[in-house]
Amino acid sequence: MTKMAPFAKMNGLGNDIIVADMRGRADTVTPAAAIALAADPATHFDQIMAIYDPRTNGTDNYIAILNSDGSMAQACGNGTRCVVQALNADTGRARFTFETIAGILNAEQHADGLISVDMGTPHFEWEAIPLAEEFRDTRMIELQVGPIDAPVLHSPSVASMGNPHAIFWVDKDVWAYELDKFGPLLENHPIFPERANITIARVTAPDAMIIRTWERGAGLTGACGSAACAAAVSAARTRRTGRSVAVTVPAGGELHIEWRDDDHVVMTGPAEWEFSGTFDPTTGAWQRDLEGAA
Ligand SMILES: N[C@H](CCC[C@H](N)C(=O)O)C(=O)O
C-alpha cells in the first residue's frame with residue numbers, strides 16, 4: 001500500500017473540488033483513484049487539483065487537474081482558487097505561480113478572502129480550440145440541437161481557455177433547457193475532436209450574465225470557472241457585454257471576470273473548505289481526519 005496523502009474537500013462556488021497535497025512525493029494521483037473518489041458520494045468531485053513539487057524554476061508548484069471520469073483537464077478556474085486557499089492556509093503566502101499542462105498561471109488571495117486567478121489569454125482560432133474543421137468566424141459556428149427548422153440551441157461561440165468551450169446564447173431562463181440531455185451529445189460531437197465543455201448563457205445586462213455548464217469529463221456542475229471566462233470573452237467579442245462581467249453560476253453566487261487590455265482574463269471569486277482527510281493516490285481509498293485532530 002502506498003503512503004497516504006493529505007487532501008481537502010473544497011468547493012469553488014459549488015464546483016466540487018478535491019485538493020490533493022502531493023508535495024514531496026514521487027508518485028502521482030492515478031485516473032483509477034480519481035474514478036474511485038468520484039464514485040463515493042462523500043468525496044464526489046468535479047475536479048481533483050493535485051499539487052506537486054515545482055518542475056520549472058520560478059514556479060511554486062506543478063498542478064495536475066483530473067476530471068471525475070479520470071481524464072486530464074488543461075484548466076480549472078474554480079479549482080485553482082481552492083488550491084490558493086489551501087496553500088495560503090498552509091504557508092501564509094498570498095501570491096502563487098503555478099504550472100499546469102497548459103502553461104504558467106498566477107493567482108492571488110486578497111485581504112477580503114476572495115481569490116483572483118489570471119487564466120491567461122483566450123484563443124479563438126479553430127485549430128486552437130480545437131475544431132475538426134475550419135470555421136473562419138468562431139463567434140458563431142454552425143452547430144445545433146433540436147429540430148432542423150426550430151433548433152433548441154444553435155450557433156454557439158467557441159473559445160479556448162486552455163481547454164475547449166462552446167457557448168450557446170439563449171434568451172429564455174437557462175434552467176428551461178435540458179442540458180443533461182444535450183450536454184453529452186454536444187460534448188462528444190465530432191466537431192470537437194478533444195470534446196468540449198458546453199455552456200448555455202443568458203446575458204442579463206451589459207455587465208452581467210447567467211450560465212449553466214455541462215463539463216467535459218464531469219457533467220453538470222455547480223459552477224465552471226473556465227466556462228465563465230470563455231462566456232465572458234465570447235460575450236464581449238460579440239458585443240453582448242463589455243469586458244468586465246459578473247457571471248452568475250448554477251449553484252448561485254457570482255464570479256467576476258475581467259478581460260484586461262493586455263488580453264489576459266482574470267477571474268475573481270471565493271473558495272470554501274469542507275473537510276480534510278487522507279487518501280491513497282493509487283487506489284483512491286480514503287479516510288476522514290478526526291474532527292478537532294491537530
Ligand atoms: N470546473 C473547471 C473546469 C474544468 C474543465 C474540465 N471539465 C475540462 O476542460 O475537461 C473550472 O472551474 O474551470
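Helices (H or I, at least four residues) and strands (E, at least two) in these legends are DSSP runs, numbered from the N terminus. The views show a predicted model, in which local features need pLDDT of at least 70, side-chain atom pairs count only at pLDDT 80 or more, and totals for chains, interfaces and linings use all residues. Residues are numbered from 1 along each chain as its sequence is written, and side-chain values use heavy atoms, with hydrogens and water left out.

**View 1. The two annotated cysteines, C76 and C224**. The loop between β15 (219-220) and α4 (225-237) holds C224, while C76 sits in the loop between β5 (72-73) and α2 (77-91). UniProt, in an unreviewed entry, gives both the feature "active site"; UniProt positions follow the numbering used here, feature names are shortened, and annotations may be inferred rather than shown by experiment. The pair spans 149 residues in sequence, yet no two of their C-alpha atoms are more than 7.5 Å apart, so they gather at one spot. Both C76 and C224 belong to the lining of the largest cavity. C76 is buried at 6% relative accessibility, and C224 is buried at 5%. Here buried means under 20% relative accessible area, exposed over 50%, and partly exposed in between (1.4 Å probe, protein chains only).

**View 2. What touches each cysteine.** Contact means heavy atoms within 4.5 Å. With neighbours within four places in sequence left aside, C76 meets N15, I17, Q47, M49 and I65. On the same terms, C224 touches N15, N78, H165, I211, T213 and E215. Look for N15 in this view: it is in contact with C76 and also with C224.

**View 3. The largest cavity and the annotated binding site.** A search of the whole structure turns up 2 cavities of 30 Å³ or more. On a 1 Å grid over the protein atoms alone, a cavity is a set of points where a 1.4 Å probe fits but cannot get out, a pocket is an open set with protein on both sides within 12 Å along at least five of seven lines, and lining residues have an atom within 4 Å of a point. Grid points are joined across faces, edges and corners, and a volume is the space filled by probe spheres set on the points. The largest cavity holds about 90 Å³, and of its 14 lining residues Q47, A75, N163, N197 and E215 lie nearest the centre. By class, this lining has 4 nonpolar, 8 polar and 2 charged residues; Ala, Val, Leu, Ile, Met, Phe, Trp, Tyr, Cys and Pro count as nonpolar, Asp, Glu, Lys and Arg as charged, and the others, Gly among them, as polar. The unreviewed UniProt entry lists N15, Q47, N67, G77, N78, N163, N197, E215, R216, G225 and S226 under "binding site". From this set, the cavity lining takes in N15, Q47, N67, G77, N163, N197, E215, R216, G225 and S226.

**View 4. Two binding-site residues, N67 and G225**. Strand β4 contains N67, which is buried with a relative accessible area of 2%. Beyond four places in sequence, the contacts of N67 are A34, F45, D46, Q47, M72, A73, R216 and G217. G225 is part of helix α4 and is buried at 1%. Its contacts, counted with the same sequence limit, are N15, G77, N78, L255 and M267.

**View 5. The second largest cavity.** How much space does the second largest cavity have? Its volume is about 40 Å³. The lining is made of M49, I63, I65, A75, C76, T80, F98, T100 and L105, with β4 and β6 (95-100) each supplying at least two residues. These residues divide into 7 nonpolar, 2 polar and no charged.

**View 6. The largest pocket.** This pocket has a volume of about 240 Å³. It is lined by 15 residues, and P6, A8, D21, R23 and A86 lie nearest its centre. β1 (5-12), β2 (15-21), α2 and β19 (272-279) each give two or more residues to the lining, and the largest share, 4 residues, comes from α2.

**View 7. The buried side of helix α1**. Within α1 (residues 31-39), A33, A34, L37 and A38 are buried. They cover an arc of only 130 degrees around the axis, which puts them on the same side of α1; the arc is that of the directions from the helix axis to the C-beta atoms. Among the elements covering them are β2, β3 (47-52), β4 (61-67), β19 and β20 (286-288).
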